[in-house]
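Here are a few notes to read with the structure open. Take them in any order you like.

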Amino acid sequence: ERARVAATAAGDETVATRALSNMGLVCLERGEYAKALSIWEGTLPVWESLGDTSAAATALLNIAAVYSEQGDYRRSLAVNERALKKMEGFGDKHGVVLVRLSMAQGYGQLGDFGRALSLGRRALASSEARGEVRLVATALQEIAGIHLRRGDYAEALSLYDRALAAQQQVADRHGAAVTLANVAITYTDLGDASKGLAYHERALAVFEALGDRRSVARATASIAGIHGEGGRREEALAQFERVLAEFEVLGDKEGAAQCLSIIGTTYAALGNHAKALSYHERAHAAMRALGKRGDEAGELINIGKAHHELGDHAKAREFVRGGAEAARATRATPTYVTAQSALAKIHLAAGEPGRALAAAEAGLDAVEQMLGALGEELGAAAREQHADLYAIGALAAARDEDVAKTLKFMESGRAGALLDLLTQREDLRWKAETLSPELRQLDLDAQGAQRAARRAYDKAATRGTRKATRA
């Protein structure tokens with residue numbers, strides 16, 4: 001700001017505009033997206049009037065980054081296309097790589113993995129040909145992230161290893177720590193919490209050594225999340241509260257919003273749904289202010305779930321439907337599936353099995369469209385994440401006395417996840433007295449099969465044997 005004022009006073013429009021652009025970067029880092037967007041949209045016509053095509057293209061790239069952070073990936077892609085034309089026009093090969101990586105991220109978020117991978121690989125090849133090792137690492141990170149979103153964990157881990165080697169080659173400690181954090185996320189998604197925790201702790205140590213308080217706070221939140229998933233929820237809650245205070249001190253609005261959401265989810269897991277509602281409402285307001293449309297949809301669903309647990313089914317339906325519509329508008333398919341699963345459960349609690357079944361089928365259709373391109377093995381692994389939807393759908397179909405659809409939902413999930421849900425989650429079990437004689441006998445047979453499978457599964461000592469037992 002001081003540089004901008006001095007340059008303006010001296011009549012140096014170029015330096016003043018560059019200082020203003022740098023202020024936009026600070027705002028982006030702090031999560032002040034509207035302010036960053038306003039700054040860069042203001043600098044763009046100035047750069048164009050000065051004939052500085054490179055600076056104008058950079059402004060467009062920055063504007064696209066804001067839209068991406070806000071979850072508006074289609075608008076981000078449209079702006080990036082403009083930036084790409086400018087950079088190709090004056091031969092900025094470095095800038096072209098940056099734009100292609102940004103576009104790869106956008107297409108990946110929209111589920112167009114083919115186009116995302118194509119752009120990422122072109123950026124990687126260009127960076128390798130020019131010997132730009134830092135950009136090679138960035139490209140490898142982005143491509144790995146696309147594979148991670150696809151559920152291709154082995155390929156993601158292999159690419160993260162290559163990125164880590166490149167970052168170590170140029171002594172990029174911060175970049176290496178970010179890669180370690182991504183490896184941690186991959187292992188956590190795979191269900192290996194111990195490895196996930198170990199990698200997060202390695203990343204945290206580097207962030208602390210570098211004095212990067214924002215990354216320290218985010219890594220700490222990730223570690224607390226693993227503790228919470230492992231049953232140490234009270235301990236995790238205390239960590240989240242400390243991290244939230246740190247985000248607020250740092251002015252990291254996005255980090256604070258995400259932390260509010262995690263705290264709400266933790267309170268829900270502890271059974272304190274009134275507290276969960278309070279935190280999710282705060283998270284929703286924060287996400288809305290940031291313009292994070294995808295995350296805003298998720299918070300509407302969380303608010304609906306809290307109202308459902310508190311017994312207000314009408315409000316629950318209202319918020320979850322709002323979340324489903326917002327998710328559909330932003331093409332956030334996983335969030336849309338979560339909404340339909342929650343809606344099915346709300347309808348079941350209200351004694352509306354037909355509507356519950358319709359919601360579950362809408363969710364199932366979305367899952368199949370989202371995962372159908374992954375192939376049988378990857379698709380089966382990814383579907384396990386939606387086992388709750390399959391169980392609720394099976395329950396709704398059973399209560400609606402639709403045997404064919406009951407079997408359809410049960411066959412759509414994996415046996416191990418369904419066993420866990422149907423044998424341990426009493427809130428999802430149907431009551432025998434509500435079933436027809438035919439379904440009652442099927443239920444008895446199923447319970448016997450579940451018990452036998454569970455005994456065999458529990459006796460299996462190794463991961464490989466357990467996998468065979470699930471099959």
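Which residues does Glu-142 touch, not counting residues up to four places away in sequence?

1. This is a predicted model, so keep that in mind throughout. Leaving out residues up to four places away in sequence, Glu-142 touches Leu-101, Ala-104, Gln-105 and Arg-149. You'll find Glu-142 in helix α8, residues 133-150. Its relative accessibility is 16%, and because buried means under 20%, Glu-142 counts as buried.

2. Next, have a look at helix α4 (residues 53-69). With 17 residues at 1.5 Å a residue, α4 should span 24 Å, and its end C-alpha atoms are indeed 24 Å apart, so the two agree.

3. Helix α4 is also mostly covered, with 12 of its 17 residues buried. Among them are Ala-55, Ala-56, Ala-57 and Ala-59, along with Leu-60, Leu-61, Ile-63 and Val-66; Asn-62, Tyr-67 and Ser-68 are on the list too. The buried residues of α4 pack against α2 (13-29), α3 (33-50), α5 (73-89) and α6 (93-109).

4. Now for a helix pair: α15 (residues 273-290) and α16 (residues 293-309) pack with their axes 9 Å apart, at an angle of about 160°. That angle is why α15 counts as roughly antiparallel to α16. The crossing of α15 past α16 is left-handed.

5. What meets what in that pair? From α15 come residues including His-273, Leu-277, His-280, Glu-281 and Arg-288, and they meet residues of α16 including Asp-295, Glu-299, Leu-300, Ile-303 and His-307. By type, the residues of the α15 contact with α16 divide into 6 nonpolar, 5 polar and 6 charged.

Notes:
Residues are numbered from 1 along each chain as its sequence is written. This is a predicted model: local features need pLDDT of at least 70, side-chain atom pairs count only at pLDDT 80 or more; totals for chains, interfaces and linings use all residues. Side-chain values use heavy atoms; hydrogens and water are left out. Axes are lines fitted to C-alpha atoms, for helices over the stretch in contact, and angles run from 0 to 180 degrees between N-to-C directions. Helices (H or I, at least four residues) and strands (E, at least two) are DSSP runs, numbered from the N terminus. Angles under 35 degrees count as roughly parallel, over 145 as roughly antiparallel, 65 to 115 as roughly perpendicular and the rest as oblique. A crossing is left-handed if the near helix is turned anticlockwise from the far one by less than a right angle, and right-handed if clockwise. Contact means heavy atoms within 4.5 Å. Ala, Val, Leu, Ile, Met, Phe, Trp, Tyr, Cys and Pro count as nonpolar, Asp, Glu, Lys and Arg as charged, and the others, Gly among them, as polar. The expected span of a helix is 1.5 Å times one less than its number of residues. Buried means under 20% relative accessible area, exposed over 50%, partly exposed in between (1.4 Å probe, protein chains only).
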